[in-house]
Amino acid sequence: MSKKIILFGGTFDPIHRGHIQAAQSAMEYLGAERVVFIPAGRSPHKKQPPVASNTDRLEMIRLAIAGSACFEVSDCELRRPQPSYTLDTVLEFRSRFDRQTDLIWLVGADAVHDLPRWHRIDQILSAAAIAVMYRSGYLKPDFSSCRSVFTSSQIQKLEQNIVPIPLVDISSTDIRACLARGQDVGNRVPPQVADYIRDHGLYR
Ligand code: ATP
C-alpha cells in the first residue's frame, strides 16, 4: 500500500497554533503518516524577508513539535542558496522515497491566487500533489481562476486535495504586530515558543 508524507513549507516567522492544528487536521484528513515542516529561507512568494533568523525560526519549530511523533522538521531549504524554490525541495524528497510514497505539498487557502505563478509549477505537480487547506479569512479554495494556467486534469487533482480543516484564526503577521506593540500573544503560540520569543527578545 502507498504511504503519504506531507511537506509543509512556510516562513514560520514564528510558528503558531494555526500551523500545528492545520498540520494535524490535514494529516488525519489525508491519511498521511507524517508531516515535515520545512522553513523557507527567503520565500519567492513573499515581498519581505523573514524577521527572525533562520536559526531562531528553526529552533521555534523544533520546540513547537517536540513530543509529536508524526511531526518533523527539515532545514533543507535553509541550507540551499536563496530564494527557496518548492520544486527543489519536492525533488529532494522525491529522490529519498520510492514511487509508492505519495508526497503532498500542503498550503493554506491564501496560496491559491499565487499558485499559477509558482516557479515550475508543472514540474511540482508531476512530482507531488498540492493540498490546499481552508484558512480563516480566505474564501474556500476555488481553482476556477487558474483554468488558463492548469490543465483540466491538474485542476481535478487540486480539487480532489482540498482539505476542509476547522478554522483557526491566527497568522504570524498578527503575532509579530502584537509583539511589536509589547502585547501578549496568549495561546496563539505554544508555551515553549512564547518562552523562546521572550528569552531571545524577538519581534520587539
Ligand atoms: P504571515 O502572516 O507572516 O504571512 P502565516 O501565518 O501565513 O505568515 P506561513 O509560515 O507563511 O504563516 O504559513 C505557512 C503555510 O501555512 C501557508 O501555506 C499558510 O497558508 C498556512 N497557514 C498559516 N496559518 C494558517 C492557519 N491559521 N490556518 C490554515 N493554514 C495556515
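Here are some questions and answers on this predicted model, covering its sheet, one helix, the ligand site and an aspartate in a loop.

Q: In what order do the six strands of the open sheet run?
A: Start with E1, which is joined to strand E2 (residues 34-39) by six bridges and pairs with strand E4 (residues 101-108) over five. E2 carries on to E3 through three bridges, while E4 pairs with strand E5 (residues 129-133) over five. Pairing is parallel in this open sheet, and the order is E3-E2-E1-E4-E5-E6.

Q: Which strands stand at the edges of the sheet, and why is one side of each left without a neighbour?
A: The strand order begins with E3 and ends with E6. Each of these two has a single partner strand, so one side has no neighbour in the sheet. The edge strands are E3 (71-73) and E6 (162-163).

Q: Which residue of E4 stands opposite Leu7?
A: E1 covers residues 3-10 and pairs with E4 in the parallel sense. Going along that pairing, Ile5 has Leu103 as its bridge partner in E4. For Leu7, the residue opposite is Trp105.

Q: What is the bridge partner of Ile6 in E2?
A: E2 is joined to E1 by six bridges, and the two strands run parallel. E2 also pairs with E3, where Phe37 stands opposite Val73. On the E1 side, the partner of Ile6 is Val35.

Q: How many of the eight residues of E4 are buried?
A: E4 pairs with E1 and also with E5, in the parallel sense both times. On the E5 side, Val107 stands opposite Val132. E4 is mostly covered, and its count of buried residues is seven.

Q: Why do the buried residues of H7 line one face of the helix, and within what arc do they fall?
A: H7 spans residues 172-180, and its buried residues are Ser172, Ile175, Cys178 and Leu179. Looking down the helix axis, they line one face because they fall within an arc of 125°.

Q: Which helices are included in what covers the buried residues of H7?
A: The residues to be covered are Ser172, Ile175, Cys178 and Leu179. Among the elements in contact with them are two helices, H1 (17-30) and H8 (191-199).

Q: Which residue just after H7 takes a positive phi?
A: H7 takes in residues 172-180, so look just past its end. The phi there is about 80°, and the residue is Gly182.

Q: Which residue has a side-chain N or O atom 2.5 Å from an oxygen atom of the ligand?
A: There are 21 residues around the ligand, and the closest are Lys46, Asp110, Arg135, Ser172 and Thr173. Backbone atoms take part too: a backbone N or O atom of Thr11 is 3.0 Å from a ligand oxygen, and a polar backbone atom of Phe12 is 2.8 Å from one. The side-chain contact at 2.5 Å belongs to Asp110.

Q: How much of the ligand's accessible area does the protein cover?
A: Among the contacts is the one at 2.5 Å from the side chain of Asp110. On its own, the ligand has 600 Å² of accessible area, and the protein covers 90%.

Q: Does Asp114 count as buried or exposed?
A: Asp114 is found in the loop between E4 and helix H5 (121-127). The cut-off for buried is under 20% relative accessible area. At 18%, Asp114 counts as buried.

Q: How far apart in space are Asp114 and Asp174?
A: In sequence, the two are 60 residues apart. Taken C-alpha to C-alpha, their separation in space is 21 Å.

Key
Residues numbered from 1 in each chain as written. Predicted model: local features only at pLDDT ≥ 70, side-chain atom pairs only at ≥ 80, totals over all residues. Heavy atoms only, no water. Buried < 20%, exposed > 50% of the residue type's maximum accessible area, 1.4 Å probe, protein only. Helix = DSSP H or I, 4+ residues; strand = E, 2+ residues; numbered from the N terminus. Arc of directions from axis to C-beta. Contact = heavy atoms within 4.5 Å. Near = heavy atom within 4 Å. Polar contact = N/O pair within 3.5 Å; in protein donor to acceptor, adjacent residues only side chain to side chain. Areas by Shrake-Rupley, 256 points an atom, 1.4 Å probe, with all protein chains shown as cover. Pairing = 2+ DSSP bridges.
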